[in-house]
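Reader: I would like a close, unhurried look at one part of this structure, beginning with how its strands are arranged and then following the neighbouring pieces. Please go residue by residue where the detail allows.

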Amino acid sequence: MSSKLFAALFASLAIAASAASAQQPAREVLLQFTDGAEFATVSRTETTCTMLFGNEANKTAVTLLIGKTTVTSQLYIISLADVGANAEQFDFRRLTPDGIVTDRKAFFKTEQGPGIFEYASSLEALQLDFDDIQKTGGFLITKPGDESAAVLVKFNGVARDRTIAAMGECLASQPSHWSLDD
């Protein structure tokens, strides 16, 4: 799939989400950029902060929603890779400054469009909060014991740092937000 087609798909998903939320309060965009290799958006709608970070080269993206409750605090990984089945247990790995952290977690898998797959889980189920996400440099999802098919999201560099900083500012502007400490 070409980069233009991949970017168009994400634009259409954003438009669809925007149309679905037409009855909801206005969304304030705090950061939006693209440099041809990566793209990001950080926004706030009432008490929920949303971060989208995508990588054109490997055709992946990660979306993080953090609100007041576990229902509004979710991690979505979007990829062209079709790995596993819906609600299946996956090996979920995160690259951190201390090394690779591996857990076995369930993700809900949906096909967002032809050949575009979304893997979603609540932050509570993943046992992650923003403190963990801001220390993460990448995500990997594989079937347990089978690394032949994988979803790898590169989440590093200056663009990632700008995006994390904007998300941190968004969360700091909220009276409260969900975390594992709640």
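Author: In this predicted model, four strands make up an open sheet, arranged in the order β7-β6-β10-β11 and paired in the antiparallel sense. The edges of the sheet are taken by β7 (99–106) and β11 (146–154), and because each has a single partner strand, one side of each is left without a neighbour in the sheet. On average, neighbouring strands here are turned by 25 degrees against each other, when direction is ignored. Within the sheet, β6, which covers residues 89–96, is joined to β7 by 8 antiparallel bridges, and one position to look for is Gln89, which stands opposite Ala106 in β7. As general background, strands of a sheet pair through backbone hydrogen bonds, either parallel or antiparallel.

The sheet is one part of a chain that holds 4 helices and 11 strands. Of the 182 residues in the chain, 44% are buried, and among contacts with a separation of 6 or more, residues 24 or more positions apart account for 53%.

Strand β9, residues 116–122, deserves a separate look, since 7 of its 7 residues are buried. In a regular strand the side chains alternate between the two faces of the sheet. In β9, Ile116, Glu118, Ala120 and Ser122 point one way, while Phe117, Tyr119 and Ser121 point the other way, and the residues of both sets are buried. This strand has antiparallel pairings with β5 and β8: 6 bridges join it to β5 (residues 74–79), and 5 bridges join it to β8 (residues 108–113). In the first of these pairings, Tyr76 has Ala120 as its bridge partner, and in the second, Glu111 stands opposite Phe117. The connection from β8 to β9 is a hairpin with 2 residues between the strands, and Gly115, in the turn, has a positive phi of about 75 degrees.

Positive phi values also occur at residues that are not glycine. Glu46, with a phi near 50 degrees, sits in the loop between β2 (38–45) and β3 (48–55), where it is exposed, with a relative accessible area of 56%. Lys59 has a positive phi of about 55 degrees and belongs to the loop between β3 and β4 (60–66), but this residue is buried, its relative accessible area being 12%. Between these two positions in the sequence lies Asn55, a residue of strand β3 that is buried at a relative accessible area of 8%. The side chain of Asn55 reaches the backbone nitrogen of Asn58 at a distance of 3.0 Å.

The next piece is helix α4, residues 157–172. At 1.5 Å a residue its 16 residues should span 22 Å, and the C-alpha atoms at its ends are 23 Å apart, which agrees. Its buried residues are Ala159, Arg160, Thr163, Ile164, Ala166, Met167, Cys170 and Leu171. Viewed down the axis of α4, these buried residues fall within an arc of 160 degrees, so they line one face of the helix. On the other side, Val158, Glu169 and Ala172 are exposed. As for what the buried residues of α4 meet, they pack against β1 (28–34), β2, β3, β4 and α3 (130–133).

One residue of strand β2, Arg44, allows a closer view of this region. Arg44 is buried, with a relative accessible area of 17%, a value that counts as buried because the cut-off is under 20%. Beyond its neighbours within four places in sequence, Arg44 is in contact with Ala26, Arg27, Glu28, Leu30, Cys170, Ser173 and Gln174. One of these, Cys170, is also among the buried residues of α4. Glu28 is 16 residues away from Arg44 along the chain, yet their C-alpha atoms are separated by 5.2 Å, and their side chains make a polar contact of 2.6 Å. A polar contact of 2.4 Å joins the side chain of Arg44 to that of Ser173. Arg44 therefore combines a buried setting with side-chain polar contacts to Glu28 and to Ser173.

Conventions. Residues are numbered from 1 along each chain as its sequence is written. This is a predicted model: local features need pLDDT of at least 70, side-chain atom pairs count only at pLDDT 80 or more; totals for chains, interfaces and linings use all residues. Side-chain values use heavy atoms; hydrogens and water are left out. Buried means under 20% relative accessible area, exposed over 50%, partly exposed in between (1.4 Å probe, protein chains only). Two strands pair if DSSP finds at least two bridges between them. Axes are lines fitted to C-alpha atoms, for helices over the stretch in contact, and angles run from 0 to 180 degrees between N-to-C directions. A polar contact is a pair of N or O atoms within 3.5 Å; within protein, one must be able to donate a hydrogen and the other to accept it, and residues adjacent in sequence count only if both atoms are side-chain atoms. The expected span of a helix is 1.5 Å times one less than its number of residues. The arc is that of the directions from the helix axis to the C-beta atoms. Contact means heavy atoms within 4.5 Å.
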